[in-house]
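Hi everyone, thanks for making time. I'd like to walk you through a structure that may be new to you, so have a look at it on the screen.

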Amino acid sequence: MRADWHVSQNHDVLFRWSRDDNSNFGGFGGNKPPSDGNVNTNITHQFAAGLDSVLTSKLTNSFRAAGTDFKNRLQRPPTDAQALGIAGLENFRIVTDDGLLITGPDVNTPQSTFERFYQFRDDATYTSGSHTLRAGADVVRYRVSVINFAAGFPSITVVSPASRN
C-alpha cells in the first residue's frame, strides 16, 4: 500500500506498508520422507513514513520513520505426513548410520525467530549562496528473539543393511 499527500506548498507526507506471508512444506537438504519434513512459515510487515518540509527558502527538513516486524516459525509436518513414518515412533528420530534413511521429527524443529527493526531519521539542509550545511540524526532499534528446541526429540541410529558387511 502506498499513499502520498501534498499537504501544502511546503509539506509532503508519504506512507508505505507491505505484508509478505509465506508458508511451505519441505525439508532442508537431501531426499527425505515427508515425516522428516517441516512447515516453514514467514510473516513480515514493513512500513515507512516520512515528512518533507521546506521551512524557509534556505532551510529544508526530511523526517523518516520505518519498521519491520518479521516472524518465522519452523514446525513439524502435518499429522498425515508424520503418519508416513514408523507407526508408534512418530516422536523418535530414526537415522541409519549412512544417513540414507531418516524418519521422524526434523532435527531443526521446532524453532521460531522474531525480529523487530525500527529506524527514525531526521535530516536538515541549510543553503546559503554556494555553501550547504547538512546535519541529521539516525536512531535504530533492532531486537531479535529466537526460540529453539532443535534436536529436541530422541534420536536412534540404526545400522543400515549395506554397512553390515
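**A walk through the chain**

Let me start with one residue: Arg 121 is partly exposed, with a relative accessible area of 36%. Keep in mind that this is a predicted model. So what does Arg 121 form a salt bridge with? The partner is Asp 138, and the closest N and O atoms are 3.6 Å apart. This pair ties together distant parts of the chain, with Arg 121 in strand 7 and Asp 138 in strand 8, 17 residues apart. Asp 138 counts as partly exposed too, at 41% relative accessibility.

Okay, let's zoom out. The chain has one helix and nine strands. If you read along the sequence, you get β-β-β-β-α-β-β-β-β-β. Is the chain more spread out than a compact globule, or less? More spread out: the radius of gyration is 26 Å, well over the 15 Å that the globule rule gives for 165 residues. You can see that in the box as well, since the C-alpha atoms fill roughly 90 × 30 × 20 Å along the principal axes. And of the 165 residues, 21% count as buried.

Now the sheets. One of them is open and has six strands in the order 1-2-3-4-7-8, with antiparallel pairing. Strand 1 (2-8) and strand 8 (131-148) sit at the edges with a single partner strand each, so one side of each has no neighbour in the sheet. On average, neighbouring strands here are turned by 5° against each other, direction ignored.

Let's go across that sheet. Strand 1 and strand 2 are joined by a hairpin through two residues, and they pair over six bridges. Within that pairing, Ala 3 has Phe 15 in strand 2 as its bridge partner. Next, strand 2 (residues 11-26) pairs with strand 3 (residues 38-54) over 16 bridges, again antiparallel. There you'll find Leu 14 opposite Gly 50. Further along, strand 4 (residues 59-75) and strand 7 (residues 111-128) also pair in the antiparallel sense, over 16 bridges, and Thr 60 has Thr 125 as its bridge partner.

The other sheet I want to show you is open as well, with three strands in the order 6-5-9 and mixed pairing. Its edge strands are strand 6 (102-103) and strand 9 (155-158), each pairing on one side only. Strand 5 (residues 93-96) runs parallel to strand 9, and four bridges join them. One spot to look for is Arg 93, which stands opposite Ser 155.

While we're in this area, which residues form a nonpolar patch on the surface? They are Ile 86, Leu 89, Phe 92, Ile 156 and Val 158, with about 340 Å² of accessible area together. Ile 86 is in the loop between helix 1 (79-82) and strand 5, and Ile 86 is partly exposed at 40% relative accessible area.

Last stop: back to the salt bridges. The count comes to eight. Among them is the one between Asp 4 and Arg 2, at 2.9 Å from N to O. Arg 2 is exposed, at 59% relative accessible area, whereas Asp 4 is partly exposed at 48%. Another is between Asp 21 and Arg 19, at 2.8 Å. Asp 21 is partly exposed at 46%, and Arg 19 is partly exposed at 43%.

That's my tour, thanks for listening.

How values were computed:
Residues numbered from 1 in each chain as written. Predicted model: local features only at pLDDT ≥ 70, side-chain atom pairs only at ≥ 80, totals over all residues. Heavy atoms only, no water. Pairing = 2+ DSSP bridges. Axes fitted to C-alpha atoms, helices over the stretch in contact; angles between N-to-C directions. Patch = residues over 30% accessible without salt bridge, like charges linked within 9 Å, V, L, I, M, F, W, Y side chains within 5 Å. Areas by Shrake-Rupley, 256 points an atom, 1.4 Å probe, with all protein chains shown as cover. Salt bridge = Lys/Arg side-chain N within 4 Å of Asp/Glu carboxyl O. Buried < 20%, exposed > 50% of the residue type's maximum accessible area, 1.4 Å probe, protein only. Rg over C-alpha atoms; globule rule 2.2 N^0.38 Å.
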